[in-house]
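Trainee: I am new to this structure and would like a close look at a single part of it. Could you choose one place where two elements meet, describe it with care, and then set it in its surroundings?

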Amino acid sequence: MSEEARRILAAEDFLRRFAASVKAIQLYSGDHPIVRRAHEQFAEHLERMLVEAPQVVVGLVDRQVVVDAVPVTVGSGTAETVERFRSNGIERIAFARGVTRDELNTFSGKLAALRAARDDSEESLQALASSHIQLGRLRIQQRVESGHGGVTAIQETYRDAVASAEALWEQTKAEGSPEPEMAMAVVEGLASGVGQNRRAMLALTAMCRYDNYTFTHMVNVSVLTMAQARGLGVDGALLRQFGLAGLMHDIGKIKTPPEILTKPEQLSGQEFVVMMRHPTDGAEMLRRHLELPPLAAIVAFEHHLRIDGTGYPAGVVRPALNVATQLCSIADVYDAMRSQRRYQQSFPTERILKVLEQQDGTRFDQHLVRRFSQLMGLYPPGNLVRLDSGALAVVLRTHAPDPARPTVRVVVSPDGRRLSHPVDLALWADAGPSGPPPRIVTPVDPQEAGIDPFAFLDAHAA
Ligand SMILES: [Fe+2]
């Protein structure tokens with residue numbers, strides 16, 4: 001069974017067991033075996049879901065129920081309980097990891113005892129809550145300001161890394177070789193960012209910038225290399241080696257004359273020969289530092305070589321390229337094409353992935369390219385997109401089996417209203433009672449739309 005089919009079944013099963021637990025206590029006393037069994041089954045199911053995520057959120061939008069962004073069909077077994085929530089103004093229930101069985105049983109009992117009459121005051125909602133069960137209206141929660149993977153902290157990590165990459169570049173230029181401790185400090189920050197919130201880190205690499213290209217590119221290649229490596233099971237010290245290799249892959253360019261480095265037009269033959277020296281120069285610089293892992297020098301040397309033997313330094317014959325080089329090259333080509341610079345428009349993801357797939361898959365390893373396109377999707381996290389309903393949405397998570405249909409957060413309604421209560425939608429889901437989910441029509445420039453997609457990445461919706 002596919003991962004997504006499993007998520008849909010788990011969401012449906014969750015709602016069914018939740019409703020059964022509330023219904024049982026409406027009909028029988030608390031110590032009746034039917035009640036005990038219903039409570040037990042609900043608690044077990046929730047515990048399984050909380051192993052995978054720190055919280056499970058049930059949202060009600062009109063009569064649509066969404067469990068962890070998956071729309072769930074309301075059937076005969078669940079309709080009465082859903083109506084009970086609605087008539088009491090409950091739009092959102094969040095179960096946090098650590099919830100006890102006592103808390104769940106008490107909660108089901110309180111829900112069952114609710115009068116059918118509408119009573120949706122804030123006090124009556126909060127009377128139902130407990131330390132691990134929160135209730136309320138759909139709302140944007142405050143951004144997490146702590147250092148535990150909240151977007152503000154991640155944004156700071158990213159900004160610091162770009163500033164440190166610039167300092168590292170200048171230091172290398174002045175002294176002729178990079179300061180290992182400085183380089184490793186940059187990677188440490190980025191690696192912890194990738195570990196805490198890979199989605200937010202990937203989204204940050206998607207923010208187009210005209211200025212600072214050299215340094216944002218260093219940081220982006222490092223993040224994109226580590227994100228791919230994480231997907232292959234690489235972690236810990238080795239992950240940091242991959243990140244360092246990504247960060248330093250182009251360091252040899254400090255020796256390339258700036259007029260060649262920033263020339264908007266195509267390079268002449270002679271200029272290209274000069275440009276082609278940067279892998280060798282970089283490897284030479286990195287090799288001298290025994291504190292730096294040899295992988296950084298290997299990747300710097302190999303990153304313009306291709307698996308079919310093309311590329312440069314010319315004449316180098318390798319039976320195989322290091323996997324870190326292959327991940328770094330994919331990240332390098334992707335980020336270079338995606339970035340908008342003074343003399344280059346940014347290319348849409350679809351076009352870039354085509355470049356990585358072309359030449360009959362002889363230049364880049366197609367398994368790695370496929371994994372990369374699944375990681376980024378056609379619309380990478382943090383992208384603002386227009387749906388065929390006319391609504392604007394921020395891409396939250398890619399959906400590996402269908403890169404064109406990610407999970408999104410709708411922030412502007414089809415009639416152009418900014419939603420004060422953004423709604424999460426799984427565009428890959430099957431048709432629900434209200435028809436199939438909308439489709440993405442086109443990416444939208446966030447600046448033109450006056451929307452900061454990043455502000456929505458950490459806000460919780462249904
Ligand atoms: Fe390069």
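**Helix H10 against helix H14**

Mentor: In this predicted model, helix H10, which covers residues 236-248, packs with helix H14, residues 294-302, at an angle of about 40°, and their axes are 8 Å apart. Because angles under 35 degrees count as roughly parallel and those from 65 to 115 as roughly perpendicular, this value makes H10 oblique to H14. The crossing in which H10 passes H14 is right-handed.

As for the residues that meet, H10 contributes Gln241, Leu244, Ala245 and Met248, while H14 contributes Leu295, Ala296, Val299 and Ala300. Sorted by class, the contact of H10 with H14 holds seven nonpolar residues and one polar residue, with no charged residues.

If we follow the chain onward from H14, we come to the loop that lies between H14 and helix H15 (323-338), and proline 313 is found in this loop. The peptide bond that joins tyrosine 312 to proline 313 is cis, with an omega of about 5°. This deserves a pause, because most peptide bonds are trans.

Another residue to look at is aspartate 281, which lies in helix H13, residues 278-287. Aspartate 281 has 17 C-beta neighbours inside 10 Å and therefore counts as partly exposed, since a residue is called buried at 20 or more and exposed at 12 or fewer. Leaving aside residues up to four places away in sequence, aspartate 281 touches Gly252 and Lys255. Aspartate 250 is 31 residues from aspartate 281 in sequence, and the distance between the two in space is 9.3 Å from C-alpha to C-alpha.

To set these details in their surroundings, the protein is divided into domain 1 (3-136), domain 2 (151-376) and domain 3 (384-457). The C-alpha centres of domain 1 and domain 2 lie 47 Å apart, and the C-alpha atoms of the protein fill a box of roughly 85 × 45 × 40 Å along the principal axes. Its secondary structure comes to 19 helices and ten strands, and of the 462 residues in the protein, 42% are buried. Among the contacts with a separation of 6 or more, 66% are between residues 24 or more positions apart.

Terms used: Residues are numbered from 1 along each chain as its sequence is written. This is a predicted model: local features need pLDDT of at least 70, side-chain atom pairs count only at pLDDT 80 or more; totals for chains, interfaces and linings use all residues. Axes are lines fitted to C-alpha atoms, for helices over the stretch in contact, and angles run from 0 to 180 degrees between N-to-C directions. Helices (H or I, at least four residues) and strands (E, at least two) are DSSP runs, numbered from the N terminus. Angles under 35 degrees count as roughly parallel, over 145 as roughly antiparallel, 65 to 115 as roughly perpendicular and the rest as oblique. A crossing is left-handed if the near helix is turned anticlockwise from the far one by less than a right angle, and right-handed if clockwise. Two residues are in contact if their C-beta atoms, placed from the backbone, lie within 7 Å. Ala, Val, Leu, Ile, Met, Phe, Trp, Tyr, Cys and Pro count as nonpolar, Asp, Glu, Lys and Arg as charged, and the others, Gly among them, as polar. Domain bounds come from an automatic or database domain assignment.
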